[in-house]
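Here are some short exercises to work through with the model open in your viewer. Try each task before reading its solution.

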Amino acid sequence: MLWKAADINGDGFLDAQEFAAFHSPEEFEHMHDILVKQLLERRDRNKDGFIDFAEYISDERGEVPDARSEQYISEKDKFESNYDRNGDKKLDWSECLDWIVPNNT
């Protein structure tokens, strides 16, 4: 999926710039959609097109840390304060993008 998105000219090979996009997709705007798509494929367990807090906090096996743990509390705060900008308790496409490709300015 990443290879195809990075191969801008569609020749099946990656030149230096295309390889850079493949290797560091977060640095190339044309790769951002594929990153969100991959995130949704891995994390969106209920397939609603959004990432809710349980999907956000769970590990790759779907396990959620104890709600009293420091990790859970910290991640809940990040989810609510930093990522869920519209307050609907789930991350849409642009909120997911902000999560996986943070703006460092």
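**Exercise 1. In which helix does Glu18 lie?**

Solution. Glu18 belongs to helix 2, which covers residues 16-23. Helices here are DSSP runs of H or I with at least four residues, strands are runs of E with at least two, and both are numbered from the N terminus. Before going on, note that this is a predicted model, in which local features need pLDDT of at least 70, side-chain atom pairs count only at pLDDT 80 or more, and totals for chains, interfaces and linings use all residues. Residues are numbered from 1 along each chain as its sequence is written, and side-chain values use heavy atoms, with hydrogens and water left out.

**Exercise 2. Describe the surroundings of Glu18.**

Solution.
- Step 1, burial: Glu18 is buried and has no salt bridge. Buried means under 20% relative accessible area, exposed over 50%, and partly exposed in between, with a 1.4 Å probe and protein chains only. A salt bridge needs a side-chain nitrogen of Lys or Arg within 4 Å of a carboxyl oxygen of Asp or Glu.
- Step 2, opposite charge: the nearest candidate side chain is that of Lys4, 13 Å away. Lys and Arg count as positive, Asp and Glu as negative, while His and the chain ends are not counted.
- Step 3, polar partner: a polar atom of the Glu18 side chain lies 3.1 Å from the backbone nitrogen of Ile8.
- Step 4, contacts (heavy atoms within 4.5 Å): neighbours within four places in sequence aside, Glu18 touches Ala6, Asp7, Ile8, Asn9 and Phe13.

**Exercise 3. Now examine Asp7.**

Solution.
- Step 1, location: Asp7 sits in the loop between helix 1 (2-6) and helix 2.
- Step 2, exposure: with a relative accessible area of 9%, Asp7 is buried.
- Step 3, polar partner: a polar atom of the Asp7 side chain is 2.7 Å from the backbone nitrogen of Gly12.
- Step 4, contacts: with neighbours within four places in sequence left aside, the partners of Asp7 are Gly12, Phe13, Leu14 and Glu18.

**Exercise 4. How many salt bridges does the structure hold?**

Solution.
- Step 1, count: there are six salt bridges.
- Step 2, Arg68 and Asp66: the closest N and O atoms of this salt bridge are 2.8 Å apart. Arg68 is exposed at 70% relative accessible area, whereas Asp66 is partly exposed at 39%.
- Step 3, Arg85 and Asp98: their side chains meet in a salt bridge with an N to O distance of 2.0 Å. This pair links distant parts of the chain, 13 residues apart: Arg85 is in the loop between helix 5 (70-83) and strand 2 (90-91), and Asp98 is in helix 6 (residues 93-100). Asp98 is partly exposed, at 33%.
- Step 4, network: salt bridges with shared partners join Asp59, Arg61 and Glu63 into one network. Within it, Arg61 and Asp59 meet at 3.3 Å, N to O. Arg61 is exposed at 64%, and Asp59 is partly exposed at 27%.

**Exercise 5. What pattern does the protein chain follow along the sequence?**

Solution.
- Step 1, elements: the chain has six helices and two strands.
- Step 2, order: read along the sequence, these give α-α-α-β-α-α-β-α.
- Step 3, extent: the C-alpha trace spans about 50 × 30 × 25 Å along its principal axes.
- Step 4, burial: of the 105 residues, 30% are buried.

Conventions. A polar contact is a pair of N or O atoms within 3.5 Å; within protein, one must be able to donate a hydrogen and the other to accept it, and residues adjacent in sequence count only if both atoms are side-chain atoms.
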